[in-house]
Amino acid sequence: LSLSYDPIKEDSTNAVKVNNPAAAGKTYEPSVQLKGKNITLHEHSILHQEMQPTTAKYEFESCAASSERFTEELAERCAKDPNLDVTFFYNTRVKGVTTSPPDSQQRRVTHLQTNRGVIKVED
């Protein structure tokens with residue numbers, strides 16, 4: 001499922017066109033374009049997001065995904081939006097994570113063990 005948060009553009013044939021950098025035409029997988037509530041039928045976790053996606057490309061027989069393209073797009077969006085309050089640590093590899101106790105109300109990552117030391121993850 002490739003999500004897009006960009007405005008929807010519809011042409012006269014009512015076909016949905018989206019500016020989705022992850023869909024660079026480098027796939028031969030069969031797919032359908034989903035809009036609105038149809039997206040959450042395939043991925044329930046999206047319901048909890050503050051900002052809902054406008055469209056999604058659903059590759060129903062997909063065998064692989066491009067994590068590199070996803071990561072690059074995510075980093076670009078985080079860098080452009082100062083409201084996201086994201087810090088980038090370059091040349092840093094995560095070797096392990098520490099989470100809050102399993103019995104806490106919301107389990108979350110509290111520390112990252114990296115090749116450059118431990119990084120505390122703030123609330």
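The paragraphs below lead through the strand pairings of this predicted model and then turn to a patch on its surface.

A good place to begin is the open sheet, in which 3 strands follow one another in the order S1-S5-S4 with antiparallel pairing. Strand S1 (2-4) and strand S4 (32-35) stand at the edges of this sheet, and because each has a single partner strand, one side of each is left without a neighbour there. On average, and with direction ignored, neighbouring strands of the sheet are turned by 20 degrees against each other. The pairing of S1 with strand S5, which covers residues 55-58, is antiparallel and extends over 3 bridges; within it, leucine 3 has alanine 56 in S5 as its bridge partner.

Further along the chain, strand S6 (94-99) runs antiparallel to strand S7, residues 109-114, and 5 bridges join the two. Here glycine 96 stands opposite glutamine 113 in S7. S7 is also joined to strand S8, residues 117-120, by 4 bridges, again in the antiparallel sense, and histidine 111 has lysine 120 in S8 as its bridge partner. Between S7 and S8 there are 2 residues, and the two strands form a hairpin.

The surface patch brings the reader back to the stretch before S6, since phenylalanine 88 lies in the loop between helix H2 (67-80) and strand S6. Together with Leu84, Val86 and Tyr90, Phe88 forms a nonpolar patch on the surface, and the four residues have about 390 Å² of accessible area together. Phenylalanine 88 itself counts as partly exposed, because its relative accessibility is 34%, a value between the limits of 20% for buried and 50% for exposed residues.

Technical notes:
Residues numbered from 1 in each chain as written. Predicted model: local features only at pLDDT ≥ 70, side-chain atom pairs only at ≥ 80, totals over all residues. Heavy atoms only, no water. Patch = residues over 30% accessible without salt bridge, like charges linked within 9 Å, V, L, I, M, F, W, Y side chains within 5 Å. Areas by Shrake-Rupley, 256 points an atom, 1.4 Å probe, with all protein chains shown as cover. Salt bridge = Lys/Arg side-chain N within 4 Å of Asp/Glu carboxyl O. Buried < 20%, exposed > 50% of the residue type's maximum accessible area, 1.4 Å probe, protein only. Pairing = 2+ DSSP bridges. Axes fitted to C-alpha atoms, helices over the stretch in contact; angles between N-to-C directions.
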